[in-house]
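Trainee: I would like a close look at a single part of this protein, the second largest pocket, and at how the rest of the fold is arranged around such a place. Could you take me through it in one connected account?

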Amino acid sequence: MKYAFLVLLLIAGVRPLPAQHTIVQNIAARVELNLDGRWNYLVDPYENGFYDYRHQPYDQSASGAGGFYDDKKQTDKGQLIEYDFDRGPTLKVPGDWNSQDDKLLYYEGTLWYRRIFQCTLQPHRRYFLYFGAVNYESHIYLNGKKLGTHKGGFTPFQFEITDKLKEGDNSLVVKADNTRHPDEIPTVNTDWWNYGGITRDVYIASTPETFISDYQLQLDKSFTPTKTAEALISGYVQLAGQPSAPQAVTLDIAEANIHTTVRTDASGRANISIPVKALTRWSPTNPKRYAVELKCSTDQVADNIGFRTIAVKGQDILLNGKPTFLRGISIHDENPLIPGRNRGEGDLRMLLTWAKELGCNYVRLAHYPHNETMIRLADELGLMVWAEVPVYWTISWTNPDTYANAEKQLSDLINRDRNRASVIIWSIGNETPLSEPRLDFMSRLAAKAHALDNTRLVSAALEVHRKGNDAIVDDPLGEKLDLVSFNEYAGWYWGDKPTDLPNYHFTIKYDRPVVITEFGGDALAGFHADAQTRWSEEYQQALYDNQLKMLSGISALRGITPWILCDFRSPRRQHPIYQNFWNRKGLISEQGIRKKAFYTLQSFYQSIAKKYPE
Ligand code: GCU
């Protein structure tokens, strides 16, 4: 059946897509069946459902059968089957498993999910199974057949399942394994909780046989306005299916009175370049998005896109050509009130609303790609975004598989969010120690990001070192990046007290805008003492006071994202009183209490906002 179907496609000149391929752009606009909800599960610390007793993978055996993905049911009393999803417990999807069952709070290993669904197949439609994110390594099976695997806990992936779906019940089985390994991305050591499981949406999307699989539309920042055009929308559209036959694709932005047609080439691609008379720019104070529609003879897709330019000039960051200051805060993808990965739009909107309350026009989404919904909300609410891949601390720099993994995660992030006006910076990593292999690894990542997207800035949290009160930033990676960004923990890890901070001086090798990616200190909400007492709100407040004074001394300072909006869970925080597995550097506690330093930063941002009107 499969091969007959493939031959049919080839005769019809339709080029089938590889099983797992680059994400269909804006796939959320094509949902056919949402698979979120309760899934049965089995915990499998010894991967008993994957390996036979000789530790050979069942799905590599001649029959390919034998594992839990067979989803077998006992049909007669004599039959031996040592698992049963139907009678097993359930977990909510999307959602990490750690916060859904106390027994799983610290669990790192394999857990099997199973979901039964029915899907009515329409002729001449193609079907894709999409996962927003599964942490960390996943093996996906449909009706006992392996679709493929995926690595990376924070990027989306999908499989074409057109010829694998059946009428009636379909059995979808996911082996998710969040075991940490040195050669992975991230590696074994992180200061965030290693939440496992299917943490973002799962759905089946459908498209026509020939469809619009990708597009990018944004303002060309190198365009010089003319008498007839104040801006240039540039980008491309890519068809999948029958690209061999050049097609007309129309682009409509009705509100801006833009209606144009482009023709695809033999590969199904057409470049777009439209001079525009008048267009309202997207900015944090006016997050204007336009309804955009792309149409070809067999397909159409709609999106909401904001148009803006972001660039650097000397020490300035220019948003729509005007100097701006990034009034930011760092955020983890975790709901502090109901500990666990954010579960839906409500959680995400809450965090961004708190950032707006703080006076932010910018957020650093640390240290990995956050939910696509978060980015779309940033578009809507008017928050510029620093988006990052988890190349964090001591990565295996010389392992080519590790590099390929990092580059894939970066590409998937950029491909997913390339039409989001809010995203202004792609970050290739955080606090990675100096070495030649590291410089080579990171330089290649920087080049990849620039190659994939020339409309945004590329950066990373660079290394900084100290000589006495002199903090020196001369990390060679800085040469490859558009900004000078680094974390500094004066007043906390740098062993001094907040009042010493004004004595510090920064020597920065690169003449570029400086964006401080982290500073901060822990405070247990409600613990009050004098400003010299660590863990107290007063200490954190004094630290912020003096940090802001110290940093204002950097002439090229054009942005900050203090660490961090909310207290967050971390396996590296063992103090039984002040931490209890929480990193307490939040300005808001896990009960939602705003600590004193929250208001220190809020008033600083009020003054900065006056200096840099948007
Ligand atoms: C580091 C790191 C963060 C961490 C923070 C801290 O710089 O980038 O992930 O949580 O410092 O120690 O609190």
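Mentor: In this predicted model, the second largest pocket has a lining of 19 residues, and those nearest its centre are Ala28, Asn371, Glu372, Thr373 and Arg376. The elements that contribute two or more residues to that lining are H2 and H3, and H3 supplies the largest share, with six residues. The space inside the second largest pocket comes to about 320 Å³, and its lining divides by class into 10 charged, five nonpolar and four polar residues.

Of the two helices, H2 can be followed further. Helix H2 takes in residues 345-357, and because its 13 residues should span 18 Å at 1.5 Å a residue, the 18 Å between its end C-alpha atoms agrees with expectation. The buried residues of H2 are Asp347, Leu348, Met350, Leu351, Leu352, Trp354 and Ala355. An α-helix has 3.6 residues a turn, so residues three or four places apart point the same way. The cover over the buried residues of H2 includes helix H3 (372-381), which also lines the pocket, together with strand E23 (326-331), strand E24 (362-365) and helix H7 (596-611). Just after H2, glycine 359 adopts a positive phi of about 100 degrees.

The largest pocket makes a useful companion to this one, with a volume of about 390 Å³. It is lined by 22 residues, and Trp393, Glu431, Asn487, Tyr489 and Tyr493 are the closest to its centre. Its lining is made up of nine charged, eight nonpolar and five polar residues.

Enclosed space is a separate matter, and a search of the whole structure finds four cavities of 30 Å³ or more. The largest cavity holds about 120 Å³ of space, and of the 13 residues that line it, Asn135, Tyr136, Arg180, Pro186 and Asn194 are the closest to its centre. By class, that lining has seven polar, four nonpolar and two charged residues. Proline 186 also deserves attention for its backbone, since the peptide bond that joins isoleucine 185 to it is cis, with omega near 0 degrees. Proline 186 sits in the loop between E10 and E11, and threonine 187 lies in the loop between strand E10 (169-177) and strand E11 (197-198) as well. Threonine 187 counts as buried because its relative accessibility is 4%, and, with neighbours within four places in sequence set aside, its contacts are His181, Pro182, Tyr392, Thr394 and Ile395.

Isoleucine 185 leads on to the packing of the interior, as it is among the residues in contact with phenylalanine 441. Beyond neighbours within four places in sequence, the contacts of phenylalanine 441 also include Val391, Ile395, Trp397, Tyr403 and Ala406. Phe441 belongs to the largest nonpolar core, which has 86 residues and in which Ile329, Val391, Phe441, Ile560 and Leu601 have the most contacts. Another core, of 29 residues, lies apart from it, and Tyr113, Leu147, Ile198 and Val202 are among its members.

Helix H7, which helps to cover H2, is also part of the cover over the buried residues of H6, as are strand E31 (505-508), strand E32 (514-518) and strand E33 (557-560). Helix H6 (residues 537-551) is mostly covered, with 12 of its 15 residues buried, and among them are Tyr539, Leu543, Tyr544, Leu548 and Leu551. From its first C-alpha to its last, H6 reaches 21 Å, close to the 21 Å expected at 1.5 Å a residue.

Some backbone details elsewhere complete the account. Most residues other than glycine have a negative phi, and most peptide bonds are trans. The bond from valine 93 to proline 94 is cis, with omega near -5 degrees, and proline 94 is in the loop between strand E3 (90-93) and strand E4 (110-118). Aspartate 71, although not a glycine, has a positive phi of about 50 degrees; it lies in the loop between strand E2 (37-43) and E3, and its 7% relative accessibility is why it counts as buried. Asparagine 143, also not a glycine, likewise has a positive phi of about 50 degrees, but at 22% relative accessibility asparagine 143 counts as partly exposed, and its place is the loop between strand E7 (137-142) and strand E8 (145-151).

How values were computed. Residues are numbered from 1 along each chain as its sequence is written. This is a predicted model: local features need pLDDT of at least 70, side-chain atom pairs count only at pLDDT 80 or more; totals for chains, interfaces and linings use all residues. Side-chain values use heavy atoms; hydrogens and water are left out. Helices (H or I, at least four residues) and strands (E, at least two) are DSSP runs, numbered from the N terminus. The expected span of a helix is 1.5 Å times one less than its number of residues. Buried means under 20% relative accessible area, exposed over 50%, partly exposed in between (1.4 Å probe, protein chains only). Contact means heavy atoms within 4.5 Å. On a 1 Å grid over the protein atoms alone, a cavity is a set of points where a 1.4 Å probe fits but cannot get out, and a pocket is an open set with protein on both sides within 12 Å along at least five of seven lines; lining residues have an atom within 4 Å of a point. Grid points are joined across faces, edges and corners, and a volume is the space filled by probe spheres set on the points. Ala, Val, Leu, Ile, Met, Phe, Trp, Tyr, Cys and Pro count as nonpolar, Asp, Glu, Lys and Arg as charged, and the others, Gly among them, as polar. A nonpolar core is a set of buried Ala, Val, Leu, Ile, Met, Phe, Trp, Tyr and Cys residues joined through side-chain atoms within 4.5 Å.
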